[in-house]
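Biologist: I'd like to go through this model with you and ask how each label was earned. Could you show it first?

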Amino acid sequence: MESPGAPNRPLVNALARVNVEGVGTLDEFRSPSTRQSGCTLLSWEEFTSSNMESDVHFQCCAAVTAQGVPLHRRTKREGEKASARLRKDTLASLRAEGFDIRCTMYVADFDWKDNEHLTDCEGKHWTPSRQEWMRANLATLQARLVEMGLGFAYLNYTHHGLRFVHVYDEPVSCEDQEHIMAAMIAVYARFGLMIDTAVGDWTRVFRGPRVKRSFPKDADRPDERTWEQDWFYEERTDETMCSAKVLALPAPVKKTTAPAKAPVPMYEGDMPTPEECIALFEEPTGRGGTARKTELYKSLKTRMQRIDDPHLYAALVHQMPYPFEHGQVNTDMTRVVGSLCGRLYGEPYMDGPEPIFAMLLPGAEELPTDNPWINILWSMCVRMWTGEAAQHKAKEIEQEKAEEEQRSRMEELLDNLRALYPSTPIDQAWAMQHAIAKKGRDHYLLRLDGTYGTMAYEESTLPNAVRDSGMEFLVKLEEMRGKSLVYLSGRDLVKMHGFSLAGIGHSAFVSGAVLRFEGAGPTLVLQAYQRRRIPCRFHQEVDDLLHRSFGAQLKLFYLWVGEALAFDETGSLPLLLVIGKTGGCKTLVTAGLGHAMAGREVVKASKASQRFNAALLHSPIVHHEEEFHTARGEDSPAQAIRTMIGGSSLNTVERKGRDVGGGLEVQLRVIVTMNSKERAVRTMIGDQDLEPDDIAAVARRVLVIETEEGVDDWLEDYAEKHGRRYTDRWLEDDKLPEHLLWCYENRDRLRGELEDAGILPPNSKHGRFLLPSNAHDLFRAQDAESEVPDGLLCSVAQMFTCVPTAVLDSGSGEALRCGPKLLLLTGPLVDRQVDDRFGSTRKRRVAAVDRLCSSKPDIPWRPVPGAKKSRWRELDTEFVLRLLVARGFEDVADDLAAVRGEPDRVTDQGAA
């Protein structure tokens, strides 16, 4: 990227959402993706005054360098500047690299559906009364905003409301933008206008004011130009937003949630008398003044036996004074009262602190009278009892909060499951029954997002795995059995929450792991691959090396790499055939592509083709070096090519000593590196007698890139200058993987540049055979070298001199000349022009002639009677000329070139 100068302020990022052909449109920019898209950097005045013949959207932020200069890249149009859409979560990494975001304006988004209180109308559309109300109140609103230093610079009506645009005097940071947005929402609320709070996101994309909207065909709506609609209205003013005054607005108060408190009133009972204390433990029998022990006494006696304090037991059983230590009365009393309150609070026979006071009263009565120890004892009992009540209340609140959180997490889990499996009835019982997926000794746990973890656990480790994953709200790890709390084992968890899998598959199109319900039972589909989470950076040094190696084909190589790493978006790709001498960078770039994946490797062809091919679970990139390895059941490399890049998922993946891995849902990216063209053709075509259409079918699946001459010498000099292993450090330092991941991030832009250059067809999309094949001529030329005899080649070339310029009735119809074209019927041509001296069967002679013809379909005009159903083929004179020169027939080639250059001549008997 370059930043030669700062454009005029303010700036807006304009993004075309619909590609429409026409002059003055932004149709060269693609729809924004979730990561990055091209966009045009325009001044706000230019943007609002232009009628866009496409559905153009805009943003109010731009990336800048450390010096504050807007960051942009060069585009194909001279003078245009482009910037990238950046998500909010990229701010930290952007700043770490020395860049930042600057915002140039604030857009207040007003919708009628949120402001029905302003008029007597309902709904979200404009009505005549709403238009009248808004225009009557705009002047007052504008005047009040100007008084506050907040005048808007532009407003425009939308389908369902309008937008007030405030332009800053100078760009502001992201933090200031968030502050301004929150404050402005409050300002508009003072005037009764409810502004959409979604504008708090500085990556928000807005539709432009003057754009053309296109609707799907099934919508039965014509295209709509906003500036031609009855509801459209815009107003421009000279007012701008003064950043200093805006930032002086009071910052919104951040509400903090205090921890839950348990407001428990102090215990209000009166201090019992000594007689009342005795009555708590003894009651008269009515028989001569004798007494018996109360139920409270019996319960406390049983409870006291569990307390390892003989003095407390004696105080209750024998009413003996508790021996408070002299000089530590207050400390010992506090300790004993606190311990008893903690042990006895919540017991069914304890409804207050009186029994505790009664137990300790004899000991307090024996204390010296220097302090009112009895009153102090009662005060302690009340205070400690109230404290215990508050703690229990807080625990109840915390328990309720935890239960509410568990219910919330359960609802979140169920919502995620219903989104993943819309055709399956999902409830809590279903989730509990499918919490643990098992296959053999492997167990996979359900996660909060509805997917399953990709790590397999042994049965014995399941309880710890559940704790670590935070799924205890679904999988209970303990239960009450009788009066005891029992911790459940892994086997218990599997019995309660486990279900069996019919198989395990792998796919590049899922994150985590999901179930597929088909066949004999559910199949767990695991995520196959991941790109490394490292920066995507352009390295000029790497680009220089690759440019030395691939020359003019570098952008095509970059696009193939970008689409290869988009394994979760792009379908099958052509096989990449890199041809060059030993000593080039073929192995280096292949290794770099592997290091861009989480597994940091490419799969060697030998490992991909053998029976135990578990290496395919680590990378979708298969490298064939010199030899093309075929898998089991494949007779030829051509058949292997069709299997790997023909658009279907890979066959079963088998791991030695483990269960069969299942199908791998991904189209592999195949790289073949070879030293010579002849070897490459023999590998791809083999010794089979293929028809031209078969050769074309194989060629469509191959992208050929040849390394430049002298790159090996250049690399030798480079290694002597920087060190023999200098380029190897590009892998260790992630320089090469970062550069190749930059290709992935910029594949949309690369595709657009190749389309503009005519290398790719217009409006090409991600999918099968995205890249054009340039292998057809190579395969035909190499094949013809061995399959077309010299005599046949010369005979066909010399036919140009003997066939009339234009023929209406050629008799047997074996050849038809019209201008510089020669049309052939291969069967009669072989029978009449070629005899057996070339030594082959008639079928092979027909195939040899076909190789000299282009693969174009039927000619649109057929002036020869009786040949309506015959297939005419056009002689590929360029191809024939190259063969003649390569075999030393320069004189025949000169004659052919001279005759081919004659102008079209049409007689009265024929017409082209």
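Biologist: Let's start with helix α10 (residues 354-365) and helix α11 (residues 373-420). What makes α10 roughly antiparallel to α11?

Modeller: Keep in mind that this is a predicted model. The axes of α10 and α11 come within 10 Å and cross at roughly 155°. Angles over 145 degrees count as roughly antiparallel, so that is the label for α10 against α11. The crossing itself is right-handed.

Biologist: Which residues make that contact?

Modeller: α10 brings Glu354, Ile356, Phe357, Leu360, Leu361, Ala364 and Glu365, while α11 supplies Trp373, Ile374, Leu377, Trp378, Cys381 and Trp385.

Biologist: How do the residues of this contact divide into nonpolar, polar and charged?

Modeller: Eleven are nonpolar, none is polar and two are charged. Glu counts as charged, and the α10 side of the contact includes Glu354 and Glu365.

Biologist: Now helix α27 (residues 790-802) and helix α30 (residues 877-886). Why is α27 called oblique to α30?

Modeller: These two pack at an angle of about 130°, with their axes 11 Å apart. Roughly antiparallel needs an angle over 145 degrees, and roughly perpendicular covers 65 to 115. The angle of about 130° fits neither range, so α27 is oblique to α30. Here the crossing is left-handed.

Biologist: What meets what in that pair?

Modeller: Leu793, Cys794, Ala797 and Phe800 of α27 meet Thr877, Val880, Leu883 and Leu884 of α30. By class, the contact has seven nonpolar residues, one polar and no charged.

Biologist: On to the sheets. What makes β4 (61-64) and β13 (234-236) edge strands?

Modeller: They belong to an open sheet of five strands, in the order β4-β7-β9-β8-β13, with antiparallel pairing. β4 and β13 each pair on one side only. Neighbouring strands are turned by 15° against each other on average, direction ignored.

Biologist: How do you know that strand β8 (residues 154-157) and strand β9 (residues 161-172) pair?

Modeller: A pair needs at least two bridges, and four bridges join β8 to β9, which run antiparallel. Tyr154 stands opposite Val165 in β9.

Biologist: Which helices go with this sheet?

Modeller: Helix α3 (residues 128-147) packs on the sheet, touching β7 (100-111), β8, β9 and β13, and its direction makes about 165° with that of β8. Helix α4 (residues 174-190) lies across β7 and β9, running at about 140° to β9.

Biologist: And in the sheet ordered β25-β26-β29-β24-β30, what is the pairing?

Modeller: This open sheet of five strands has parallel pairing. β25 (603-604) and β30 (702-706) each have a single partner strand, so one side of each is left without a neighbour in the sheet.

Biologist: How do you know that β25 and strand β26 (residues 621-625) pair?

Modeller: They share two bridges in the parallel sense, which meets the cut-off of at least two. The bridge partner of Lys604 is His623 in β26. Helix α16 (residues 554-565) packs on this sheet against β24 (575-579), β29 (669-674) and β30, and its direction makes about 140° with that of β29.

Biologist: Where should I be careful with the confidence, then?

Modeller: The protein averages a pLDDT of 75, and 71% of the residues score at least 70. Over residues 16-38 the pLDDT is below 50, though this stretch has 63 contacts beyond near neighbours in sequence. Residues 860-864 also stay under 50, with 17 contacts beyond four places in sequence. Where pLDDT is low, the predicted coordinates should not be read in detail.

Notes:
Residues are numbered from 1 along each chain as its sequence is written. This is a predicted model: local features need pLDDT of at least 70, side-chain atom pairs count only at pLDDT 80 or more; totals for chains, interfaces and linings use all residues. Side-chain values use heavy atoms; hydrogens and water are left out. Axes are lines fitted to C-alpha atoms, for helices over the stretch in contact, and angles run from 0 to 180 degrees between N-to-C directions. Angles under 35 degrees count as roughly parallel, over 145 as roughly antiparallel, 65 to 115 as roughly perpendicular and the rest as oblique. A crossing is left-handed if the near helix is turned anticlockwise from the far one by less than a right angle, and right-handed if clockwise. Contact means heavy atoms within 4.5 Å. pLDDT is the predictor's confidence in each residue, from 0 to 100.
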